[in-house]
Amino acid sequence: MNRFDVVVLGGGLVGCAAAHYLSRSGARVLLVERSDLNREASGRNAGSLHFQLEYRLIRYGEALAAQFAQIIPLSLVAIEDWLKLEAELEAQLEVEMGGGLIVAEGPGDLEMLEKRQVLQERWGLDTKLLSANEVRRLAPYLTDTVIAASYCAKEGHANPRLVAPAFARSAARHGCEIRCGTRVTSLERDGSEWCVGIESGDRKEGISAGAVLNAAGAWAGEIAAMAHLHLPIYAIPLIMNVLERREPLIPHLVQHASKRLTLKQLAVGNVLIGGGWPGRFVRQGHAPDLWRAEPVVEHITENLLLASRLVPAIGSLHLLRTWTGITGVTADQMPLLGEVPEAPGFYVAAGGAAFTHGPTYARLISELILNGRTSVPIDLYSPARFSHVNNFMAAV
Amino acid sequence: MAKRVTLHVTRPGEVSILVNGEPVRAYDGESLATALIAAGTLVMSRDVSGRPKSPFCNMGVCFDCIVVVEEPGSDGTVRSTRVRACMTSVRAGLRVRVPQAE
Amino acid sequence: MSGENQQYDVAIVGVGPAGLAAAQIVREHGLSVVIIDEQMRAGGQILRQPPRGFRVEKWLNGRLYARPKSVLETMDERDDVDWRMGATVLGIMRRSGFRPQAGGHDLWIRGASGCYVLAARAVLLAPGCYERPLAFPGWTLPGVMGAGAIQGFLKSQQFVPGERFVLAGSHPLQLVVADQLVSAGAEVAAVIFTQRLGRVALAWRHALAVLQHGPQLFETARIVARLRRAGVPLCFGSTIVEAHGERVLERVVHAPVSASGEIDRARARTIECDRLGVCHGFLASSELARQAGASVHWREHEGGWVVDHDRWFESSVAKLFVAGEIAGVAGADAAVEKGRVAAIGVLRALGAVSEGAAERLARIPRRRLARISRFAAMLSELSRPPERLAQTVMTEDSILCRCESIQRGTFERFLQEHPHIRSLDAAKLVSRVGMGLCQGRLCADNAAHLLAATRKLDMKEVAPFRAQAPVKPVPLEALPPERCG
């Protein structure tokens, strides 16, 4: 039986990045991907590098917002990681950290920004509340209904098309074996060894591994189930829209204080618009097919009309495509990052803001797998907080 | 020179449109691509590297014939709409901007 | 949205020969029909009508057009059909749940003054095809067009869009276009066929055996005779290899080509011209069907990705029917019969006719379709460009993707850098090929063949670009719900 130190399941950003960090440290790594690398949320998300608290974290009341703010320490690490990434990978990733704005249009919005500001200050994220005039000077492309904005100088974006493939290339250079078009069919544990059943076309194979890293994103729960474990992560289909290219106009990442919106302009000139508007899973008989989603016309329309209202100059641009990227959200919105206590040697890195934090998840989980500890504490994000759902499961 | 066929063809009224501010003779209902090419404007847009583009498919697929139609709004502002010349019908007084012909 | 409460029994998307024939049958059985088409008038590309208000004597009088034209004459502008001309279907979403219209479809439509959604119990897609592009050096020069583009100007606009024309390719359509150009008073400097004359003649002899199509073939023979009389040089066994010009087209270069696509550049010849029409076959416009979730299969010589369907032309998506070229490119006469069978399939699926009646109604169109299909297969065989020609004319620095201005060499370097990529969609993500306004329609075929050849994959593995709504780009300002009146 072929043996690897670590088998990484999932060829998205987290899986490719972990494969890079692990194999660079000398581990023998196999990366298994069911279709092609970077095909799902990792290549299809908005590419935002957002470090301020997103709307989805702030909208459910103060108590929960205060709890979600515990993600900020990870954001501070992620800022440093992104600043170094292009040099580290010797690749163009279109990392632009030119600042990010969360804009307010009414008194309610302003109040939300102020509460954000308090939480962000408490956890050490450097952000500034800008007046209407300051916004106008910094971002003249915004409409004049914007009365204030919260500004974080380190925010920005990177190109999701480029990041995971760059990690994969580097991993391959360091000897990582990558198998695309390959499914996992079984996960079994024998003492301290894992046996991973994989299948590619008609070819079936058992792989022996010292550790398994579940980096399957929205489908991390399906993988965990093979080892008789629950991981509370749910697939959600999010709509993204891309407009045709135009001359440089928007140097910032733009979000809205109380509405679903992210907006940015890529290096080549396309404008990318999202913000968490949901699509809908296509139904297969009675059940939804969690691999296939379609957009909801009303959501595309609202998303884009909001964007063109805030930035009127984009109104004449063509919408080139929309797509529905399937990503995973955990039961408490925080990432799942660590070893699953019920199954020694079974690690998970999924959920949360897995693009912004993805390289950091990968770096830290690799440290944990190789050294048993991490340079930055990650206990808060450990799957141990969901041990109660595995209490009655007979993990393998 | 490109030319309109006249034998066995009866066209509706001749109209005048403005292309980059210059009056151009055209016929009500014909395609804007026809009116432009007939007036000697083959190049209609430019690709991302600056190369000139002109109609390739003439059926709304290639988007190489995008030009700007300008309509005066009620409030005095001008509304600019980017259209495919091959899919746009000419009507009297149509105001068109073809940046590449300027 | 304003159109939300509008519901039809049947929505027909694309009103060429297939859509027209289908509409006729559906109306004969009393079901409500809405027709949506991007063009301003019915007829499709084959019968691209002159603008309203134009009067053209003897318009498309040839026998080639007889069958679809009779359907057009019966159906055009009939007021028992809701016509949405100049409108584009941006996407199709399934309706689920328990509402009465469950199981049907929502169509997201861009109309003249905004967007709206309308619902239909069944949808019949007949959006036709577009020209299969050949990416030789200079194919992006202004003045180089699809032969069909030139024909569109002639048929509909009654307009000769240039002065001195060259036609080059493998499809007999270019003979028809050359003939129409000559009779419109244009100069045709050459018609260049990639096939050797011997191969063409052989195919013709086979064709004459299928006697029903004798008239069509004689029509073609008459065209050849007319072109010879007009002094138009016909050249066989040669392919276009380059187009040149300062800012617009000034001359083209062609060179002998073998049946396997090897080009003898040493014997290249130059022709001065201001317009080049290229014609190397057609690609099925299957984007909307794919966006709606219909499965497709690869047919190299019948339109590339064509939509899977059963014997009633229902796709893999329930109540989504296909007809015409997206069910396999076979020409207008076949499209008419496919439209008829598909319409009967729609009636059957909606319970408007019994199983037995459907079978009876479909008998004649099916029989005709079988006969026409034999002829179409022969014509397709005759119209094939040399194998691998698309790749042998495409030099390292030829533009592969017009919209994003990406050369073949650049694309291939991306493939080298990303050895794990196997699908066209993944190749698009790393290379940007297919990311522009044409949404990959003009590069997908060439890029897919490059990927398949580089990786030794079959087309099923390469797969088409993922089709997503909107299947035609739409400006943001056109998105608000359509204003009534």
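These legends accompany close-up views of a predicted model.

**View 1. Chain B, fold overview.** Chain B holds one helix and nine strands. Its elements run β-β-β-β-α-β-β-β-β-β along the sequence. The radius of gyration of chain B is 14 Å, and the globule rule gives 13 Å for 102 residues, so chain B is as compact as a globular protein of that length. The C-alpha trace of chain B spans about 40 × 35 × 25 Å along its principal axes.

**View 2. Chain B, interior and surface.** Of the 102 residues in chain B, 55% are buried. Among contacts with a separation of 6 or more, 46% in chain B link residues 24 or more positions apart. The accessible surface of chain B is about 4,200 Å². Carbon and sulfur atoms account for 51% of that surface. Chain B carries 13 positive and 10 negative charges. The mean positions of these two sets are 5 Å apart.

**View 3. Asn20(B), a loop residue with positive phi.** Asn20(B) sits in the loop between β3 (14-19) and β4 (22-27) of chain B. Its phi is positive, about 50°, although Asn20(B) is not a glycine. Most residues other than glycine have a negative phi. Is Asn20(B) buried or partly exposed? Asn20(B) has a relative accessibility of 24%, so it counts as partly exposed. The cut-off for buried is under 20% relative accessible area.

**View 4. The contact between chain A and chain B.** Five residues of chain A touch five residues of chain B. About 380 Å² is buried between the two chains. Carbon and sulfur atoms give 54% of this area. Which residues of chain A lose the most area to chain B? They are Arg245(A), Ser316(A) and His318(A). Together these three make up 83% of what the chain A side buries.

**View 5. Asp144(A), an exposed loop residue.** Asp144(A) belongs to the loop between α7 (132-138) and β6 (148-152) of chain A. The relative accessible area of Asp144(A) is 61%, so the residue is exposed. Exposed here requires over 50%. Glu105(A) is 39 residues away from Asp144(A) along the chain. The C-alpha atoms of Asp144(A) and Glu105(A) are separated by 9.0 Å.

**View 6. Chain C, fold overview.** Chain C has 14 helices and 24 strands. Its radius of gyration is 22 Å, which agrees with the value near 23 Å for a compact globule of 485 residues. Along the principal axes, the C-alpha atoms of chain C fill a box of roughly 70 × 55 × 40 Å.

**View 7. Chain C, interior and surface.** What share of the 485 residues of chain C counts as buried? The share is 64%. Residues 24 or more positions apart supply 66% of the chain C contacts with a separation of 6 or more. Chain C exposes about 17,600 Å², with 52% from carbon and sulfur atoms. There are 61 positive and 49 negative charges in chain C, and their mean positions are 4 Å apart.

**View 8. Helix α4(C), a mostly covered helix.** Helix α4 of chain C covers residues 173-183. Nine of its 11 residues are buried, so the helix is mostly covered. The buried residues include Leu173(C), Leu175(C), Val176(C), Val177(C), Ala178(C) and Leu181(C). Gln174(C), Asp179(C) and Gln180(C) are also among them. An α-helix has 3.6 residues a turn, so residues three or four places apart point the same way. Just after α4(C) comes Gly185(C), with a positive phi of about 95°.

**View 9. Gln439(C), a buried loop residue.** Gln439(C) is placed in the loop between α12 (424-431) and α13 (444-455) of chain C. Its phi is near 60°, a positive value in a residue other than glycine. Is Gln439(C) buried or exposed? Gln439(C) has a relative accessible area of 16%, so it is buried.

**View 10. The cis peptide bond at Pro470(C).** Ala469(C) and Pro470(C) are joined by a cis peptide bond. Omega is about -5°. Most peptide bonds are trans. Pro470(C) lies in the loop between α14 (459-462) and β24 (474-475) of chain C.

Terms used:
Residues numbered from 1 in each chain as written. Chains lettered and ligands numbered in written order. Predicted model: local features only at pLDDT ≥ 70, side-chain atom pairs only at ≥ 80, totals over all residues. Heavy atoms only, no water. Helix = DSSP H or I, 4+ residues; strand = E, 2+ residues; numbered from the N terminus. Rg over C-alpha atoms; globule rule 2.2 N^0.38 Å. Buried < 20%, exposed > 50% of the residue type's maximum accessible area, 1.4 Å probe, protein only. Contact = heavy atoms within 4.5 Å. Areas by Shrake-Rupley, 256 points an atom, 1.4 Å probe, with all protein chains shown as cover. Lys, Arg positive; Asp, Glu negative; His and termini not counted. Charge placed at Lys NZ, Arg CZ, Asp CG, Glu CD. Buried area = accessible area lost by both parts, 1.4 Å probe.
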